[in-house]
Amino acid sequence: MKIAVVGAGSFIARTLAMHPASADWRYLGHGEALAAEAGLDEVDMVINCALDPRLKKQSYEPGLDVDLRLAQRLAARTEVRYVMLGTRMSYGPAGPGGRLVETDAARPLHPYGCARLETERRLGELLGERLTVLRLSNIFGYEDVPGRSSFFAIALRSLREHGRIVLDMSPFVERDFLSVDTLAGWLARIAERPAGGVYNLGAGFGTPTGRIAQWLIEGFGAGELRVTDLREYDAFWLDVGKAVAAFGIDLPEPEAVREQCRALGRRLRQELKR
């Protein structure tokens with residue numbers, strides 16, 4: 001299959017470009033992909049990693065929706081498949097136990113979750129079974145990049161600049177964290193055997209946020225964990241049974257998350273020595 005990835009500069013796309021199974025895919029910036037001469041007529045699948053950051057903070061606007069604009073261009077090509085990278089925030093808060101499964105009623109509260117759920121709906125109307133929606137958990141990797149506001153980006157930046165990680169929640173709150181390297185391998189597998197529908201993609205278990213901070217500090221070799229608020233909120237983990245059955249992916253072990261976090265801490269230390 002000829003596969004195009006839109007959003008070439010994104011965190012996930014850059015990891016895909018380095019993965020052996022997806023290194024020869026075509027990578028396009030979102031502006032390039034939306035241009036008339038983009039050459040999307042030549043591809044069999046589009047994976048979109050691009051997102052207008054305004055949709056994370058404000059009400060949904062179709063004109064800001066890169067997924068929708070791409071899908072509108074591809075709708076008439078009935079052989080082309082489309083992969084949308086969605087978010088677990090489309091569900092809204094998890095119930096007791098933190099489990100989120102595809103059959104749950106979606107009741108997002110955050111503008112980002114509302115916008116992504118609306119995108120799912122509109123793309124479904126345009127593409128039908130040619131659409132694969134992947135609702136992602138917290139994807140992590142080396143994110144020491146100015147401006148990124150993910151849990152890991154903030155933690156790594158604070159550890160580097162201040163020698164500490166600050167949590168504004170209980171360190172016992174468990175969330176689903178999945179390595180971007182693991183995700184890249186899964187996306188290559190999904191591209192080989194695509195299936196329409198909505199699928200969760202995450203580790204399949206929760207990890208206490210305090211443990212994540214501890215392992216980053218251990219890898220870094222120094223630092224402290226400071227907790228400014230003991231509130232317990234937004235605990236979740238994704239039930240990935242549907243994705244495992246559809247795509248044959250292998251789930252990570254909890255030990256793998258610990259070692260990946262320690263490796264990120266070590267990398268941060270090495271970057272400081274340069």
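Q: Helices, of at least four residues, and strands, of at least two, are DSSP runs numbered from the N terminus. With these terms, where is Asp234 found?

A: The model discussed here is a predicted one. Asp234 belongs to the loop between strand E13 and strand E14 (237–238). Its phi is near 60°, a positive value in a residue other than glycine.

Q: Is Asp234 buried or exposed?

A: A residue is called buried under 20% relative accessible area and exposed over 50%, with partly exposed in between. Asp234 has a relative accessible area of 30%, so the residue is partly exposed.

Q: In what order do the strands of the open sheet stand?

A: A sheet is read strand by strand, from one edge to the other. Here 6 strands form an open sheet, in the order E2-E1-E3-E4-E6-E11, and their pairing is parallel. Strand E2 (26–28) and E11 each have a single partner strand, so one side of each is left without a neighbour in the sheet. From one strand to the next, the twist averages 20°. Within this sheet, E1 and E3 pair in the parallel sense over 4 bridges, and Ile3 stands opposite Met45 in E3. Helix H1 lies across E1, E2, E4 and E6, and runs at about 155° to E2.

Q: Which side chains of strand E8 point to one face, and which to the other?

A: In a regular strand, side chains alternate between the two faces of the sheet. Strand E8 (residues 164–167) shows such an alternation: Ile165 and Leu167 point to one face and are buried, whereas Arg164 and Val166 point to the other and are not. E8 is joined by 4 bridges to strand E13 (residues 224–227), and the two run parallel. The bridge partner of Val166 in E13 is Arg226.

Q: Which residues have the most contacts inside the largest nonpolar core?

A: Nonpolar side chains tend to be buried together in soluble globular proteins. The largest nonpolar core of this model has 31 residues, and those with the most contacts inside it are Ile12, Trp25, Leu134 and Leu201. Among the elements that give two or more residues to this core are helix H1 (11–18), strand E6 (131–136) and helix H6 (180–192). H6 gives the most, with 8 residues. Apart from this core lies another, of 26 residues, including Val43 and Tyr60. As for Leu134, its contacts beyond its neighbours within four places in sequence include Val83, Leu85, Leu187, Ile190 and Leu201.

Q: What span should the 13 residues of H6 have?

A: A helix can be checked by comparing its expected span with the distance between its ends. At 1.5 Å a residue, H6 should span 18 Å, and its end C-alpha atoms are 19 Å apart, which agrees. Its buried residues include Leu183, Trp186, Leu187 and Ile190. At the start of H6, a side-chain oxygen of Ser179 reaches to within 3.1 Å of the backbone nitrogen of Asp181.

Q: Which residues does Glu120 touch, not counting residues up to four places away in sequence?

A: Contacts are best read together with burial. Glu120 is found in helix H4 (residues 111–127) and counts as buried because its relative accessibility is 8%. Glu120 touches Met84, Ser90, Leu131, Val133, Arg135 and Val198.

Q: What distance separates the C-alpha atoms of Arg81 and Leu127?

A: Positions along the chain and positions in space should be read separately. Arg81, in strand E4, and Leu127 are 46 residues apart along the chain, and their C-alpha atoms are separated by 8.2 Å. Not counting residues up to four places away in sequence, Arg81 touches residues including Asp44, Met45, Glu129 and Thr132.

How values were computed. Residues are numbered from 1 along each chain as its sequence is written. This is a predicted model: local features need pLDDT of at least 70, side-chain atom pairs count only at pLDDT 80 or more; totals for chains, interfaces and linings use all residues. Side-chain values use heavy atoms; hydrogens and water are left out. Buried means under 20% relative accessible area, exposed over 50%, partly exposed in between (1.4 Å probe, protein chains only). Two strands pair if DSSP finds at least two bridges between them. A nonpolar core is a set of buried Ala, Val, Leu, Ile, Met, Phe, Trp, Tyr and Cys residues joined through side-chain atoms within 4.5 Å. Contact means heavy atoms within 4.5 Å. Axes are lines fitted to C-alpha atoms, for helices over the stretch in contact, and angles run from 0 to 180 degrees between N-to-C directions. The expected span of a helix is 1.5 Å times one less than its number of residues. A polar contact is a pair of N or O atoms within 3.5 Å; within protein, one must be able to donate a hydrogen and the other to accept it, and residues adjacent in sequence count only if both atoms are side-chain atoms.
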